[in-house]
Amino acid sequence: MADAAVDGTRRVLVAADKFKGSLTAVEVAERVAAGLRRIVPGVDVEALPVADGGDGTVAAAVAAGFERREVRVAGPLGDEVTAAFALRGDTAVVEMAEASGLQRLPAGVLAPLTASTYGSGELLRAALDAGARTIVFGVGGSATTDGGAGMLSALGARFLREDGEPVAPGGGGLADAASADLSGLDPRLADVELVLASDVDNPLTGPKGAPAVYGPQKGASPEDVETLDAALAHFAKVLEGTVGARAAEYAASPGAGAAGGIGYGALLLGARFRAGIEVMLDVLGFAPALERAELVITGEGSLDEQTLHGKAPAGVAAAARAAGKEVVAVCGRLALPAEALGRAGIRRAYPLTDEEPDVAKCIADAGPILERVAERIARDFLA
């Protein structure tokens, strides 16, 4: 049981990610707080919704006090969509999924060869227009596999075919690229600190590259994967003629394959790659919030093997453990043994399925069930 604060008030930090398909990170924090207060009415609950750079990153920044800014940009298929970024002072948080994510595709439509990141470039430009000097570029949840070519085009780059016409949108069109011209890139980019925030460290191409590992999630058939891998390799070769050996170095770098290769485009812009959760914890002010807490509650929809590789709960737990704080986790389903949780710094996990074995009901009624789970945590650690 955690020790009470000097004044006797129990202080809890809820730093959880979303339960995908059920609850946003903000809703997770609200439900956990409600459950805790039923058992310990005077508990001081501080909510700090977190994200690892994927979808939900802008929402987490807004919940932490950033201003939400909306702009009309191109969606992955070129249709105009309203996308948001977050701004506080001269720091912007831009989430590529807001413009180019799978959720931006029409229901039932996947476009692995033609989906473009052009709108993500427009979002970055909007952040520059708003005066951002530091841009945290969270990438994940993309509908695209275009190596960031669309994003770069929106920022002033030109990729042309042999006949002098622009290449077609999407990764498939890059097979026809004959030349690359980056001289028209927005000059403001040279004076901006761009941080590539991602939870994956894949290279651009090859067996662990963007098309092979993530293409099937975006509807790519085995033939499409081959097409996209060859097209991205060709794209990097064409860029060698413009930027030299760096083009090949970046293609092999960790993070180049993030979000369909948009990581590669960001590296070409001079971005610094960092684990998404680490960046977001810095940006959201996690350290001072952690100092105030005696117990930390983290979590996400599924605690599984992927969690241990750069996902939000693992990042929260690592930072909390380093500060000597006790950590428990909430989740929809638990697929990790107690030993793995312990190694990650999580004392105990509380899955919704302990309260309701029917997974469909857990998804449909996640909020009330999570409140009951939080009551158990309060009894175990606070009462």
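**View 1. Phe235 and Tyr264, both buried, in this predicted model.** The two ring centres are 6.2 Å apart and the planes sit at 75°, so this pair counts as edge-to-face. It ties together distant parts of the chain, with Phe235 coming from helix α7 and Tyr264 from helix α9 (residues 258-268), 29 residues apart. As for Phe235, its relative accessible area is just 1%, so it goes down as buried.

**View 2. Phe159 joins in, and the rings become a cluster.** The structure has two aromatic pairs. In the one shown here, the rings of Phe159 and Phe235 have centres 5.2 Å apart and planes at 75°, which makes this pair edge-to-face because that angle is over the 60 degrees cut-off. Again distant parts of the chain are linked: Phe159 belongs to strand β7 (residues 158-160) and Phe235 to helix α7 (residues 222-243), with their positions 76 residues apart. Phe159 has a relative accessibility of 4%, so buried is the right word for it. Put Phe159, Phe235 and Tyr264 together and you have one aromatic cluster.

**View 3. The largest nonpolar core and its best-connected members.** This core counts 57 residues, and the ones touching the most other members are Ile135, Phe137, Phe159, Leu239 and Tyr264. Two of those names, Phe159 and Tyr264, also appear in the aromatic cluster. Which residues does Phe137 contact once its neighbours within four places in sequence are set aside? The list runs Val94, Met96, Ser120, Leu124, Met151, Leu194, Val195, Leu196, Ala197, Ile262 and Ala266. There is also a second, separate core of 39 residues, with Ala60, Ile277, Phe286 and Val316 among them. As background, nonpolar side chains in soluble globular proteins tend to be buried together.

**View 4. Helix α1 against helix α15.** Packed helices are described by the angle between their axes and by the distance between those axes. Here helix α1 (residues 25-39) and helix α15 (residues 366-381) pack at about 45°, with the axes 7 Å apart. That angle makes α1 oblique to α15. The crossing of the two is right-handed. On the α1 side, the contact is made by Val28, Arg31, Val32, Ala34, Gly35, Leu36, Arg38 and Ile39. From α15 come Gly367, Pro368, Leu370, Glu371, Ala374, Glu375, Ile377, Ala378 and Arg379.

**View 5. The buried residues of helix α12 and what they pack on.** Within α12 (residues 312-322), the buried set is Ala312, Pro313, Ala314, Gly315, Val316, Ala317 and Ala320. One of these, Val316, belongs to the second core. These buried residues pack against α10 (276-284), α11 (286-292), β11 (295-303), β12 (326-334) and α13 (338-344). After the helix comes Gly324, and its phi is positive, near 75°.

**View 6. Ala259, an alanine with positive phi.** Most residues other than glycine have a negative phi. Ala259 goes the other way, with phi near 50°. This residue is found in helix α9. Its relative accessible area is 9%, so Ala259 is buried.

**View 7. Ser198 in strand β9.** Is Ser198 buried or exposed? Ser198 is buried, with 2% relative accessible area. The strand in question covers residues 193-198. Not counting residues up to four places away in sequence, Ser198 touches Asp52, Val139, Ala258, Phe273, Arg274, Ala275 and Gly276.

**View 8. Ala111, a buried residue in a loop.** Ala111 sits between α3 (96-100) and α4 (118-129). Its relative accessible area of 10% puts Ala111 in the buried class. Leu77 is 34 residues away along the chain, yet the C-alpha atoms of Ala111 and Leu77 are separated by 7.9 Å. With sequence neighbours within four places left out, Ala111 is in contact with Leu77, Leu105, Ala143 and Lys218.

**View 9. Ala63 in helix α2.** The helix covers residues 57-63. Ala63 is partly exposed, at 42% relative accessible area. Leaving aside neighbours within four places in sequence, its contacts are Val26 and Pro49. Ala63 and Gly42 are 21 residues apart in sequence, and C-alpha to C-alpha they are 23 Å apart in space.

Technical notes: Residues are numbered from 1 along each chain as its sequence is written. This is a predicted model: local features need pLDDT of at least 70, side-chain atom pairs count only at pLDDT 80 or more; totals for chains, interfaces and linings use all residues. Side-chain values use heavy atoms; hydrogens and water are left out. Rings of Phe, Tyr and Trp (its six-membered ring) pair if their centres lie within 6.5 Å; planes under 30 degrees apart count as stacked, over 60 as edge-to-face and the rest as tilted. Helices (H or I, at least four residues) and strands (E, at least two) are DSSP runs, numbered from the N terminus. Buried means under 20% relative accessible area, exposed over 50%, partly exposed in between (1.4 Å probe, protein chains only). A nonpolar core is a set of buried Ala, Val, Leu, Ile, Met, Phe, Trp, Tyr and Cys residues joined through side-chain atoms within 4.5 Å. Contact means heavy atoms within 4.5 Å. Axes are lines fitted to C-alpha atoms, for helices over the stretch in contact, and angles run from 0 to 180 degrees between N-to-C directions. Angles under 35 degrees count as roughly parallel, over 145 as roughly antiparallel, 65 to 115 as roughly perpendicular and the rest as oblique. A crossing is left-handed if the near helix is turned anticlockwise from the far one by less than a right angle, and right-handed if clockwise.
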